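Hi everyone, thanks for coming. I'd like to walk you through one protein chain today, so please have a look at the screen.

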Amino acid sequence: MAVELCLETGRKMTTETTSTTSTTTGIALTDVAAAKVAALLAQEGRDDLNLRVAVQPGGCSGLKYQLYFDDRNMDGDVVREFGAVKVITDKMSDPYLSGATIDFVDTIEKQGFTIDNPNAQGSCACGDSFN
């Protein structure tokens, strides 16, 4: 607790500073990305598909992302719901994606899904893989 003097009124003020620690677990999908996934799923015309996000060996930096629609539910899958969209990660990929955020960008320069992953220590120049 700190005691300060208010410059406007000349009165003493007390302020208390608290610190909070928040932990982000799992993968997050922005509202824009969720809307795009929902639109793509609607185009597919099937209600049994979910967005699967996986991390696989490959690419210049050692690991690469895979995003695709999948109708399978495998043992150990982690399912997260974002509105009407379900995002599934396998148990091996989930730790690599903890805290990652998937977004969808649509600009004159590029269009597509992006992944902001705090666990990625580096990526290749093309941006398709990470380590």
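I'll start with the whole chain and then go through its parts.

First, some ground rules. This is a predicted model, so nothing here comes from an experiment: local features need pLDDT of at least 70, side-chain atom pairs count only at pLDDT 80 or more, and totals for chains, interfaces and linings use all residues. Residues are numbered from 1 along each chain as its sequence is written, and side-chain values use heavy atoms, with hydrogens and water left out.

How confident is the predictor? pLDDT is its confidence in each residue, from 0 to 100. The chain averages 78, and 70% of the residues score at least 70. Be careful with residues 1-24, though, where pLDDT stays under 50. For that stretch the model has 20 contacts beyond four places in sequence, where a contact means heavy atoms within 4.5 Å.

Okay, the overall layout. We've got 1 helix and 10 strands. Those are DSSP runs numbered from the N terminus, H or I of at least four residues for helices and E of at least two for strands. Along the sequence the pattern reads β-β-β-α-β-β-β-β-β-β-β. Of the 131 residues, 28% are buried. Buried means under 20% relative accessible area, exposed means over 50%, and partly exposed is in between, with a 1.4 Å probe and protein chains only. And if you take contacts between residues at least 6 apart in sequence, 47% of them join residues at least 24 apart.

Now the helix. Helix 1 covers residues 31-44, and its 14 residues should span 20 Å at 1.5 Å a residue. That expected span is 1.5 Å times one less than the number of residues. The end C-alpha atoms are 20 Å apart, which agrees.

Which residues of helix 1 are buried? They are Ala33, Ala34, Val37 and Leu41. Looking down the axis, these buried residues fall within an arc of 100°, so they line one face of the helix. The arc is taken from the directions from the helix axis to the C-beta atoms. If you're wondering about the spacing, an α-helix has 3.6 residues a turn, so residues three or four places apart point the same way. On the other side of helix 1, Asp31, Ala42 and Gln43 are exposed. Right after the helix comes glycine 45, with a positive phi near 75°.

On to the strands. We say two strands pair if DSSP finds at least two bridges between them. Let's take the open sheet of 3 strands, in the order 3-8-9 with mixed pairing. Strand 3 and strand 9 stand at the edges with a single partner strand each, so one side of each is left without a neighbour in the sheet. Strand 3 (residues 28-29) runs parallel to strand 8 (residues 101-106), joined by 2 bridges. There, leucine 29 is opposite isoleucine 102. Strand 8 and strand 9 (residues 111-116) run antiparallel, with 6 bridges, and a hairpin joins them through 4 residues. In that pairing, valine 105 has glycine 112 as its bridge partner.

Next, strand 4, residues 50-57. How many of its residues are buried? 6 of its 8, so you can call strand 4 mostly covered. Strand 4 pairs with strand 5 (residues 63-70) in the antiparallel sense over 8 bridges, with leucine 51 opposite phenylalanine 69. Strand 4 also pairs with strand 7 (residues 85-89), this time in the parallel sense over 2 bridges. Arginine 52 is opposite isoleucine 88 there.

Proline 57 is in strand 4 too, but proline 57 is exposed, at a relative accessible area of 65%. Leaving out neighbours within four places in sequence, proline 57 is in contact with Gly62, Leu63 and Lys64.

Last stop: strand 6 and strand 7, which pair in the antiparallel sense over 5 bridges. Glutamate 81 is opposite lysine 86. Their hairpin has 2 residues between the strands, and glycine 83 takes a positive phi near 70° there.

Finally, look at arginine 80, in strand 6 (residues 78-82). Is arginine 80 buried or exposed? Buried, with a relative accessible area of 19%. The side chain of arginine 80 makes a polar contact with the side chain of aspartate 94, at 3.1 Å. A polar contact is a pair of N or O atoms within 3.5 Å; within protein, one must be able to donate a hydrogen and the other to accept it, and residues adjacent in sequence count only if both atoms are side-chain atoms.

That's my tour, thanks for listening!

Notes
pLDDT = per-residue confidence, 0-100.
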